Amino acid sequence: MLVLSRRVGESVTIDGGVVVTVLEVRSDGVRIGIDAPRSVKVHRSELLEELGRRNQEAASPQEDVVSSLQDALRRRTGGEAAADEAPSTDPAPERE
């Protein structure tokens, strides 16, 4: 990590296209301005971390949900197997 000291009004340029400017320093934080091309995504880190955590939770279903889906799939598969055993509606082959 690069650590810099900046004063209000001073900027840092990143990769020639992103300019970060210190706007105000308060006792409880710093206000910064970010000037970046529209193609550059700028997000607050805490929101990205929360989004990643929620996506991970959504991609990892609870065990009871998985069991319920497995039971439903077994029932369905059993139903299809019974249908496969049902008599065919095709005409019987001719005998010679």
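Here are some short exercises on this predicted model, each with a worked solution.

Residues are numbered from 1 along each chain as its sequence is written. In this predicted model, local features need pLDDT of at least 70 and side-chain atom pairs count only at pLDDT 80 or more, while totals for chains, interfaces and linings use all residues; side-chain values use heavy atoms, with hydrogens and water left out.

**Exercise 1. The overall plan**

Work out how many helices and strands the chain has, and in what pattern they follow each other.

Solution. Start with the assignment: helices (H or I, at least four residues) and strands (E, at least two) are DSSP runs, numbered from the N terminus. On that basis the chain holds 2 helices and 3 strands. Next, read along the sequence, and the pattern comes out as β-β-β-α-α.

Then turn to the surface, using the Shrake-Rupley method with a 1.4 Å probe, where for residues only the protein chains shown count as cover. The chain exposes about 9,200 Å² of accessible surface, and carbon and sulfur atoms contribute 52% of this. Buried residues (under 20% relative accessible area; exposed is over 50%, partly exposed in between, with a 1.4 Å probe and protein chains only) make up 4% of the 96 residues.

Finally, look at the contacts (heavy atoms within 4.5 Å). Of those with a separation of 6 or more, 0% come from residues 24 or more positions apart.

**Exercise 2. The sheet**

Find the order of the strands in the sheet and say which of them stand at the edges.

Solution. First, the pairing rule: two strands pair if DSSP finds at least two bridges between them. E1 and E2 meet it with 4 bridges, running antiparallel. Two residue pairs help you to locate this on screen: Val 12 stands opposite Val 20 in E2, and Thr 13 has Val 19 in E2 as its bridge partner.

Second, the whole sheet is open, with 3 strands in the order E1-E2-E3 and antiparallel pairing. E1 and strand E3 (29-35) are at the edges with a single partner strand each, so one side of each is left without a neighbour in the sheet. Neighbouring strands are turned by 25 degrees against each other on average, direction ignored; here axes are lines fitted to C-alpha atoms, for helices over the stretch in contact, and angles run from 0 to 180 degrees between N-to-C directions.

**Exercise 3. Two residues to inspect**

Is Thr 21 buried or exposed, and what does its side chain touch?

Solution. Thr 21 sits in strand E2 (residues 18-26). Its relative accessibility is 18%, so Thr 21 counts as buried. Its side chain makes a polar contact with the side chain of Ser 11 at 2.7 Å. Such a contact is a pair of N or O atoms within 3.5 Å; within protein, one must be able to donate a hydrogen and the other to accept it, and residues adjacent in sequence count only if both atoms are side-chain atoms. Beyond four places in sequence, Thr 21 is in contact with residues including Gly 9, Arg 31 and Ile 32.

Now find where Asp 15 lies and what is notable about its phi.

Solution. Asp 15 is in the loop between strand E1 (11-14) and E2, a hairpin with 3 residues between the strands. Most residues other than glycine have a negative phi. Phi of Asp 15, however, is positive, near 55 degrees. With 78% relative accessibility, Asp 15 counts as exposed.

**Exercise 4. Charged pairs**

How many salt bridges does a search of the whole structure find, and which residues join into one network?

Solution. A salt bridge needs a side-chain nitrogen of Lys or Arg within 4 Å of a carboxyl oxygen of Asp or Glu. The search gives 8 of them. Let us take three in turn.

- Glu 10 pairs with Arg 6 at 3.6 Å between the closest N and O atoms. Glu 10 is partly exposed at 29%, and Arg 6 is partly exposed at 40%.
- Glu 46 pairs with Arg 44 at 3.8 Å, N to O. Glu 46 is partly exposed at 47%, while Arg 44 is exposed at 53%.
- Glu 50 pairs with Arg 54, with the closest N and O atoms 2.7 Å apart. They lie 4 residues apart in helix H1 (residues 45-59), so about one helical turn separates them. Salt bridges that share partners join Glu 50, Arg 53, Arg 54 and Glu 57 into one network.
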